[in-house]
Amino acid sequence: MKSKIILLGTVAALSISAASQSSAHHQGWYVGLEAGANWIDDTSFAYDIGNPPSGFPVFTGTMSFDTGWAGLGTVGYSFDSNWRIEGEFGYRQNDTDTFFGGKFAPTIRSGELTEYTAMVNVLYDIPVSEKMYFTLGAGAGADFSQIDDGLFGDDDDTSFAYQGIAGLTYALNDRLDLTLTYRYLHVNDPQYSDFNGRATEAYSFDDLEKHTVTVGLRYDLYADEVPPPPAPPPPPPPEPEQVKQFIVFFGFNKSNLTPEALDVIKEAAVAAKEQGSVTILVVGHTDTVGSNKYNDALSLRRSASVKKGLVGQGIPADKITTSGKGESELLVQTGDNVKEPQNRRATIDLH
């Protein structure tokens, strides 16, 4: 029941988060490697022996697990809508302490549980900042386990498993992410049996509930798209008027100044000095990908970056006024959630 509540909570959170339209992750194919710690809740089991087994448990008992370790690898695809789908392959190992009771005197044995998992996960990334996002997800697949409880020998079983996932991701650069991930993994009642030379030993466990925390790296196999250069200005008339407005373009979900953007800022600074401009108005804009609140903040960061660039070119800061319009004033009219490079801009107006 507990596991079902956790999984339902994960699915509900995914549904709520789908209302967000900001995209802060890489798009395309990726691979990842993770390692960390693994914990397993105590579980009960029943043991039978016979040729064939009698059908009545000879032993009943519980098994507890020491803190173990885990290693996982992922291969997945990120969509521009913030959804991801991935295949996950995992290895987990925990030492065990088995407490036997029933018809015989209580016995304690030490052993080991080794597990291999193959899962398919669906995940949704929620942007927290320009470089960080929070992830929720769920997955299902198979769990192959090998157990040595110190008494029965080595037995194995393959069981259905499902999991809930939560994590944080920080972008180290345009293609490499640092991840911190928690997984709740539920394995349906594994059953083990083995012939010891004289009789078949069979025992069944209650469901296994596991908790895994890992740190890892995720690498984007393809570089993010580079925005096209801004359209060239129209040919000047015979007697050109003084330029009053300059446009600085930005990358998707970015507010840093590219070399091309710095060239435009230098040109605007020269024009402002030659014209003796009294005031300079810088207005930031965004495309329609993301929520209004997120885009309002992004447009302000873009106008602040341009102001900093102008100050670096010798323009007094008190002559520069900044503001942000978010996605309210599009240069190219588009629908919602459309990546349009011409709309990711900041304008410099000389007065």
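This dialogue goes through a sheet, a surface patch and some salt bridges in a predicted model.

Trainee: In what order do the strands of the open sheet lie?

Mentor: A sheet is read by going from strand to paired strand. Here 4 strands follow the order E13-E16-E14-E15, with mixed pairing. Strand E13 (245–249) and strand E15 (320–324) are the edge strands, each paired on one side only. On average, neighbouring strands of this sheet are turned by 20 degrees against each other, direction ignored.

Trainee: How many bridges join E13 to strand E16?

Mentor: There are 5 bridges between E13 and strand E16 (residues 345–350), and the two run antiparallel. Within E16, Thr347 stands opposite Ile247.

Trainee: Which strands does helix H3 lie across?

Mentor: Helix H3 (residues 292–312) lies across E13, E14, E15 and E16, at about 160 degrees to E15. Helix H2 (residues 259–275) lies across E13, strand E14 (280–284) and E16, and runs at about 160 degrees to E13.

Trainee: Is Ser303 buried or exposed?

Mentor: Look at the relative accessible area; the cut-off for buried is under 20%. Ser303, found in helix H3, has 1% relative accessibility and therefore counts as buried. Ser303 touches Val282, Val283, Gly284, Thr322 and Ser323, leaving aside residues up to four places away in sequence.

Trainee: Which residues make the nonpolar surface patch?

Mentor: The patch covers about 980 Å², and its residues include Trp39, Phe134, Tyr170, Leu180 and Val215. Strand E8 (154–171), strand E9 (176–187) and strand E12 (208–220) each supply at least two of the patch residues. Val215 lies in strand E12 and is partly exposed, at a relative accessible area of 48%.

Trainee: How many salt bridges does the structure hold?

Mentor: The structure holds 9. In one of them, Arg183 pairs with Glu34, and the closest N and O atoms are 2.9 Å apart. This pair links distant parts of the chain, since Arg183 is in strand E9 and Glu34 in strand E1 (residues 28–40), 149 residues apart. Arg183 also meets Glu88 in a salt bridge (2.9 Å, N to O). Glu88 sits in strand E5 (residues 83–100), 95 residues from Arg183.

Trainee: Which residues are joined into one network by shared partners?

Mentor: Lay out the third pair before the network. Lys210 and Asp143 form a salt bridge at 3.0 Å, N to O; Lys210 is in strand E12 and Asp143 in strand E7 (residues 132–148), 67 residues apart. The network itself joins Glu34, Glu88 and Arg183.

Trainee: Why does Lys210 count as buried?

Mentor: Lys210 counts as buried because its relative accessibility is 0%. Its partner Asp143, at 1%, is buried too. Turning to the network, Arg183 is buried at 2%, Glu34 at 11%, and Glu88 is also buried.

Note on methods
Residues are numbered from 1 along each chain as its sequence is written. This is a predicted model: local features need pLDDT of at least 70, side-chain atom pairs count only at pLDDT 80 or more; totals for chains, interfaces and linings use all residues. Side-chain values use heavy atoms; hydrogens and water are left out. Two strands pair if DSSP finds at least two bridges between them. Axes are lines fitted to C-alpha atoms, for helices over the stretch in contact, and angles run from 0 to 180 degrees between N-to-C directions. Contact means heavy atoms within 4.5 Å. Patches are made of residues with over 30% relative accessible area and no salt bridge: like charges are joined within 9 Å, nonpolar side chains (Val, Leu, Ile, Met, Phe, Trp, Tyr) within 5 Å. Accessible areas come from the Shrake-Rupley method with a 1.4 Å probe; for residues, only the protein chains shown count as cover. A salt bridge is a side-chain nitrogen of Lys or Arg within 4 Å of a carboxyl oxygen of Asp or Glu. Buried means under 20% relative accessible area, exposed over 50%, partly exposed in between (1.4 Å probe, protein chains only).
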